[in-house]
Amino acid sequence: MSMNRQGRPTTPSTLAANQTDAESSSGEETFSGHKGLQHEEGLIFERGRSDKTGVDLADPLPVEPRLGGLARQNPIGLPGLAEPETVRHYVRLSRMNYAIDSGLYPLGSCTMKHNPRLNEKMARLPGFGDVHPLQPQSTVKGAIALIEMLAGYLMELTGMPAIAMSPKAGAHGELAGMLAVKAAHDAAGDTDRRIVLVPESAHGTNPATAAFAGYSVRTIEARADGTVAAQSVKDALGPEVAAIMLTNPNTCGLFEPEVVDIADAVHEAGAYFYCDGANFNAIVGKVRPGDLGIDAMHINLHKTFSTPHGGGGPGAGPVVLSEALAKFAPLPFLTSENGRTRLVETLSEAESLGADPFGRLTAFHGQMGMFVRALSYMLSHGADGMRQASEDAVLAANYVRAGLRDVMSQPFGDQPCMHEVLFDDKFLKDTGVTTLDFAKAMIDEGYHPMTMYFPLVVHGAMLIEPTESESLASLDNFIATLRNLAQAARDGQKQRFTAAPRFTPRRRLDETQAARQPVLRWTPPVQEKEAAE
Ligand SMILES: *Cc1c(COP(=O)(O)O)cnc(C)c1O
């Protein structure tokens with residue numbers, strides 16, 4: 001048997017032999033390591049051999065090397081596999097991946113919604129799919145027009161006068177917004193503002209962004225009902241405060257009732273209001289953030305406007321800006337004169353238009369494929385459809401809340417939520433089952449866990465966001481499963497939780513060690529004889 005340097009057998013047939021006695025005697029293990037039609041799968045380097053090849057190539061004709069001595073002298077060491085072996089490798093791995101296309105994905109704050117296939121078709125149109133960021137502008141006018149159209153709709157939906165389309169994700173949009181805030185203070189000669197206010201329920205990216213932009217964070221406590229009091233913000237404001245970063249609806253799934261008072265107080269103190277717009281899915285077509293007095297807000301196109309994300313694809317985080325911040329938007333940006341739109345790419349060009357960009361955020365102008373998908377989602381839904389998506393998302397979350405509130409516990413009392421419902425671990429008290437165990441048992445039942453232990457203000461938090469994509473039957477099955485689990489925990493079936501997941505290709509992993517000491521480099525197998533020495 002050959003092993004790699006981590007002591008892992010390198011051929012599937014030996015995997016079963018590696019199981020502990022307890023596991024194999026349970027009768028749940030197989031000789032091959034495969035189970036049912038689920039295949040064990042090693043790394044591609046363990047499957048293929050560098051001395052093997054999947055293609056037959058004629059010997060190359062002798063050539064005069066022109067690499068100036070830079071030609072590789074050693075074998076490259078890539079695994080050689082035949083085409084079907086390669087295809088199987090990736091298909092098997094893909095079957096170990098859970099996705100919104102395989103089942104409900106109730107990850108709160110992340111808005112894992114169905115991505116209509118129409119979006120994919122549009123994004124693959126050659127005129128969009130094949131554009132290259134270094135093409136001359138004159139050859140990509142259609143793509144530029146599409147970006148402008150999408151930008152227009154995003155400004156319309158948010159009620160904001162300006163937008164920067166280049167940020168590549170929500171967190172990147174936060175950085176763009178906060179650098180615009182900084183540039184605005186600097187331009188006003190107001191350079192002593194060093195503090196950014198961040199409520200304690202905020203997503204980790206908010207304090208991280210503030211720190212990255214050079215600010216210190218002052219934390220604002222939440223009220224007993226999970227929202228932020230205008231008075232707490234007023235108490236924390238002062239001439240040293242540059243901005244507040246507030247999420248609305250917030251990460252407890254609640255709309256901030258005093259958001260307008262907060263905005264007024266922030267402006268009165270000479271600071272700016274950054275809104276984390278990751279939860280925009282709850283309010284599209286219902287509320288325009290611009291009307292609430294915000295100065296900047298990122299929109300996670302990959303959440304609200306459907307593009308697959310997380311393991312499934314890239315993000316895009318355009319940031320809308322108020323009049324006060326508009327001219328500090330980063331390069332590159334779009335400008336329109338006499339119905340002709342072009343991309344402004346240089347500082348001198350920007351200055352000639354009266355703009356004062358804080359700099360260049362990215363090499364190129366955003367994620368074309370995401371832009372096409374988001375616009376396709378908007379146009380196929382229409383204004384009324386987008387509003388209905390928000391309403392349905394909120395309805396679905398409240399349906400889940402109503403279906404579970406007698407068996408699970410809500411931290412802020414029995415109040416309606418927005419697009420996501422937050423539970424805590426009080427209902428697991430004295431059961432010996434933790435939030436983590438509960439989540440692992442959900443995996444055995446075929447559900448991706450909800451967001452766990454976030455927001456941090458709630459003990460053992462479980463944040464469930466079903467989105468508008470789920471049918472009534474799907475929600476009912478989900479509720480029935482969670483009710484069954486909650487009952488099992490209360491009935492003392494602790495093993496079902498602490499031993500979970502039992503039916504996955506891998507069981508509980510040492511997540512701490514994986515994060516702290518990740519093994520990122522594959523080392524070639526050591527033969528058994530050597531290994532034994
Ligand atoms: C997802 C999310 C972010 C970060 O967005 P990315 O696109 O992942 O960078 C920030 N805040 C909240 C509340 C989020 O849910």
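1. Two strands count as a pair if DSSP finds at least two bridges between them. Keep that in mind while you look at this predicted model. Strand E10 and strand E12 (residues 462–464) run antiparallel and are joined by three bridges. To see one of the links, find Val 421: its bridge partner in E12 is Ile 464.

2. Now widen the view to the whole sheet. It is an open sheet of three strands, with antiparallel pairing, in the order E10-E12-E11. Strand E10 (421–423) and strand E11 (451–452) sit at the edges with a single partner strand each, so one side of each has no neighbour in the sheet.

3. There is also a hairpin to look at. Strand E8 (residues 333–337) and strand E9 (residues 340–344) run antiparallel, with five bridges between them. Ser 336 has Thr 341 of E9 as its bridge partner, and Glu 337 stands opposite Arg 340 in E9. Two residues lie between the strands of this hairpin, and Asn 338 there takes a positive phi near 50°.

4. Which residues of helix H8 (residues 205–212) are buried? They are Asn 206, Thr 209 and Ala 210. They span an arc of only 100° around the axis, which puts them on the same side of H8. Follow that side outwards and you will find what the buried residues pack against: helix H7 (170–187), plus strands E2 (195–199), E3 (216–220), E4 (241–247) and E5 (272–276). Just after H8, have a look at Gly 214, which has a positive phi of about 95°.

5. Next, the loop between E2 and H8, where you will find Ser 201. Is Ser 201 buried or exposed? Its relative accessibility is 5%, so it counts as buried, given that buried means under 20%. Apart from neighbours within four places in sequence, Ser 201 is in contact with Thr 251, Cys 252, Phe 454, Pro 455 and Val 457.

6. Two of those contacts, Phe 454 and Pro 455, deserve a second look. A cis peptide bond with omega about 0° joins Phe 454 and Pro 455, and Pro 455 is in the loop between E11 and E12. Another cis bond runs from Asn 248 to Pro 249, with omega near -10°; Pro 249 belongs to the loop between E4 and helix H10 (259–268). Why point these out? Most peptide bonds are trans.

7. A similar remark goes for backbone angles: most residues other than glycine have a negative phi. Ser 306 is not a glycine, yet its phi is positive, about 85°. You can find Ser 306 in the loop between helix H11 (301–304) and strand E7 (319–321). Asp 430 also has a positive phi, near 65°, and sits in the loop between E10 and helix H15 (435–444). Compare their surroundings: Ser 306 is buried, at 1% relative accessible area, whereas Asp 430 is exposed, at 75%.

8. Don't skip the ligand. The residues around the ligand include Ser 109, Gly 170, Glu 174, His 203, Asp 276 and His 302. One oxygen contact to check involves Ser 109, where an N or O atom of the side chain is 2.7 Å from a ligand oxygen. For His 302, a side-chain N or O atom is 2.7 Å from an oxygen atom of the ligand. With Gly 170, a polar backbone atom is 2.7 Å from an oxygen of the ligand.

9. Last, step back to the domains. The chain is divided into domain 1 (34–48 + 77–96) and domain 2 (119–375), and their C-alpha centres are 41 Å apart.

Methods: Residues are numbered from 1 along each chain as its sequence is written. This is a predicted model: local features need pLDDT of at least 70, side-chain atom pairs count only at pLDDT 80 or more; totals for chains, interfaces and linings use all residues. Side-chain values use heavy atoms; hydrogens and water are left out. Helices (H or I, at least four residues) and strands (E, at least two) are DSSP runs, numbered from the N terminus. Buried means under 20% relative accessible area, exposed over 50%, partly exposed in between (1.4 Å probe, protein chains only). The arc is that of the directions from the helix axis to the C-beta atoms. Contact means heavy atoms within 4.5 Å. Domain bounds come from an automatic or database domain assignment. A residue is near a molecule or strand if one of its heavy atoms lies within 4 Å of it. A polar contact is a pair of N or O atoms within 3.5 Å; within protein, one must be able to donate a hydrogen and the other to accept it, and residues adjacent in sequence count only if both atoms are side-chain atoms.
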